[in-house]
Amino acid sequence: LYNGFLVAGLAWGLWLGDAGFAIKAFFLGCVIVAGLFGAATASIRILYIQALPAVLALIALLLGV
């Protein structure tokens, strides 16, 4: 379910093009928060598997790469 919402949000943002910037940033932010929460409550591995790629994607989005 989580991955489905993530894909739907990012696909929606991509479909909107430049107008979807905030949607893409929001959904990547949600992934970062979920990764931080998972790392704090379940396993530190989640930080590297889930949160780190989302942080890198958000940085790329902000830099316009």
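**Exercise 1. Getting an overview**

What share of the 65 residues of the chain counts as buried? Work it out, then sketch the overall build.

*Step 1.* Start with the ground rules. This is a predicted model, in which local features need pLDDT of at least 70, side-chain atom pairs count only at pLDDT 80 or more, and totals for chains, interfaces and linings use all residues. Residues are numbered from 1 along each chain as its sequence is written, and side-chain values use heavy atoms, with hydrogens and water left out.

*Step 2.* Now the share: 26% of the 65 residues count as buried. Buried means under 20% relative accessible area, exposed means over 50%, and partly exposed is in between, with a 1.4 Å probe and protein chains only.

*Step 3.* Next, the elements. The chain has three helices and zero strands, and from the N terminus on the order is α-α-α. Helices (H or I, at least four residues) and strands (E, at least two) are DSSP runs, numbered from the N terminus.

*Step 4.* Finish with the outside. The C-alpha atoms fill a box of roughly 35 × 25 × 15 Å along the principal axes. The accessible surface comes to about 4500 Å², and 77% of that belongs to carbon and sulfur atoms. Such areas come from the Shrake-Rupley method with a 1.4 Å probe; for residues, only the protein chains shown count as cover.

**Exercise 2. Following helix α2**

Find how far α2 reaches from its first C-alpha to its last, and say what covers its buried residues.

*Step 1.* Helix α2 takes in residues 21-41, which makes 21 residues. Its reach is 30 Å, close to the 30 Å expected at 1.5 Å a residue. The expected span is 1.5 Å times one less than the number of residues.

*Step 2.* Pick out the buried residues of α2: I23, K24, F27, L28, V31, I32, G35, G38 and A39.

*Step 3.* Look at the cover over them, which includes α1 (2-16) and α3 (45-63).

*Step 4.* Check for aromatic pairs. A search of the whole structure finds one. F26 and F27 make it, edge-to-face, with 5.4 Å centre to centre and 85° between the planes. For the rule, rings of Phe, Tyr and Trp (its six-membered ring) pair if their centres lie within 6.5 Å; planes under 30 degrees apart count as stacked, over 60 as edge-to-face and the rest as tilted.

*Step 5.* Compare the two partners: F27 is buried, whereas F26 counts as exposed at 52% relative accessibility.

**Exercise 3. Where α1 meets α2**

Is G9 buried or exposed, and which residues does G9 contact beyond its neighbours within four places in sequence?

*Step 1.* Place G9 first: this residue lies in helix α1. Its relative accessible area is 2%, so G9 is buried.

*Step 2.* Leaving aside neighbours within four places in sequence, G9 is in contact (heavy atoms within 4.5 Å) with I23 and F27.

*Step 3.* Move to A8, also placed in α1. A8 counts as partly exposed, because its relative accessibility is 46%. From A8 to F27 you go 19 residues in sequence and 9.4 Å in space, C-alpha to C-alpha.

*Step 4.* Try N3 of helix α1, which counts as exposed at 51% relative accessibility. N3 and V31 are 28 residues apart in sequence and 9.6 Å apart in space, C-alpha to C-alpha.

*Step 5.* For contrast, take D18 in the loop between α1 and α2. The C-alpha atoms of D18 and G38, 20 residues apart along the chain, are separated by 31 Å.

**Exercise 4. A nonpolar patch**

Which residues make the nonpolar surface patch of about 800 Å²?

*Step 1.* The members are I44, Y48, I49, L52, V55, L56, I59 and L63.

*Step 2.* Know the rule: patches are made of residues with over 30% relative accessible area and no salt bridge, with like charges joined within 9 Å and nonpolar side chains (Val, Leu, Ile, Met, Phe, Trp, Tyr) within 5 Å. A salt bridge is a side-chain nitrogen of Lys or Arg within 4 Å of a carboxyl oxygen of Asp or Glu.

*Step 3.* Zoom in on one member. I49 sits in helix α3, and I49 is exposed, with a relative accessible area of 53%.
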